[in-house]
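New to this one? Take a look at the structure below, and then we'll walk through it piece by piece.

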Amino acid sequence: MVPLEFYLGLGAALFALGLFGALACPNAVRILMGIELMLNAANINLLAFNRYLHPGDLAGQVLAVFVITVAAAEVAVGLAIIFL
């Protein structure tokens, strides 16, 4: 079984990479990609805590799917604003 610290470290690394990408790049598409990385890092942490605190509960997975849906809508609106 993979320890919780591994998932938290992976989430922290992804969040740091996304934050660097969102702050360092002047390109709007790269900023959106950095924001997506940060949201995915938050999802990894959410699912890791859900697995270790409430192993049989699906509430964390449902919330993660909701966050993915909101992130996809955010990217679609952002790209539509940028390219049109």
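What follows is a quick tour, helix by helix, with a stop at a few residues along the way.

## How confident is the model?

First things first: this is a predicted model. The protein averages a pLDDT of 93, and 100% of the residues score at least 70. Confidence is highest in α1, with a mean of 96, and lowest in α3, with a mean of 92.

## Helix α1

Let's start with α1, which runs over residues 4-24. With 21 residues at 1.5 Å each, α1 should span 30 Å, and that agrees with its end C-alpha atoms, which sit 30 Å apart.

Which residues of α1 are buried? They are L4, G11, G18, G21 and A22. These cover an arc of only 125 degrees around the axis, so they end up on the same side of α1. That buried set packs against α2. Flip to the face turned away from the buried side and you'll find the exposed residues E5, L17, F20 and L23.

## An aromatic pair

The structure holds 1 aromatic pair. The partners are F6 and Y7, arranged edge-to-face, with 5.9 Å from centre to centre and 70 degrees between the planes. As for Y7, its relative accessible area is 22%, so Y7 counts as partly exposed; the cut-off for buried is under 20%.

## Helix α2

Next up is α2, covering residues 28-53. Its 26 residues should span 38 Å at 1.5 Å a residue, and the end C-alpha atoms are indeed 38 Å apart. At the N-terminal end, N27 acts as a cap: one of its side-chain oxygens lies 3.3 Å from the backbone nitrogen of V29.

The buried residues here are L32, G34, E36, M38, A41, N43, A48 and N50. What covers them includes α1 and also α3, which spans residues 59-83.

## A closer look at N50

One of those buried residues in α2 is worth a stop: N50. Is N50 buried or exposed? Its relative accessibility is 11%, so N50 counts as buried, given that buried means under 20%.

So who does N50 touch? Leaving aside neighbours within four places in sequence, N50 is in contact with P55, D57, G60 and Q61. With D57 there is a polar link too: a polar atom of the N50 side chain lies 3.3 Å from the backbone oxygen of D57.

Methods. Residues numbered from 1 in each chain as written. Predicted model: local features only at pLDDT ≥ 70, side-chain atom pairs only at ≥ 80, totals over all residues. Heavy atoms only, no water. Helix = DSSP H or I, 4+ residues; strand = E, 2+ residues; numbered from the N terminus. Expected span 1.5 Å × (residues − 1). Buried < 20%, exposed > 50% of the residue type's maximum accessible area, 1.4 Å probe, protein only. Contact = heavy atoms within 4.5 Å. Polar contact = N/O pair within 3.5 Å; in protein donor to acceptor, adjacent residues only side chain to side chain. pLDDT = per-residue confidence, 0-100. Arc of directions from axis to C-beta. Phe/Tyr/Trp six-rings, centres within 6.5 Å; stacked < 30°, edge-to-face > 60°.
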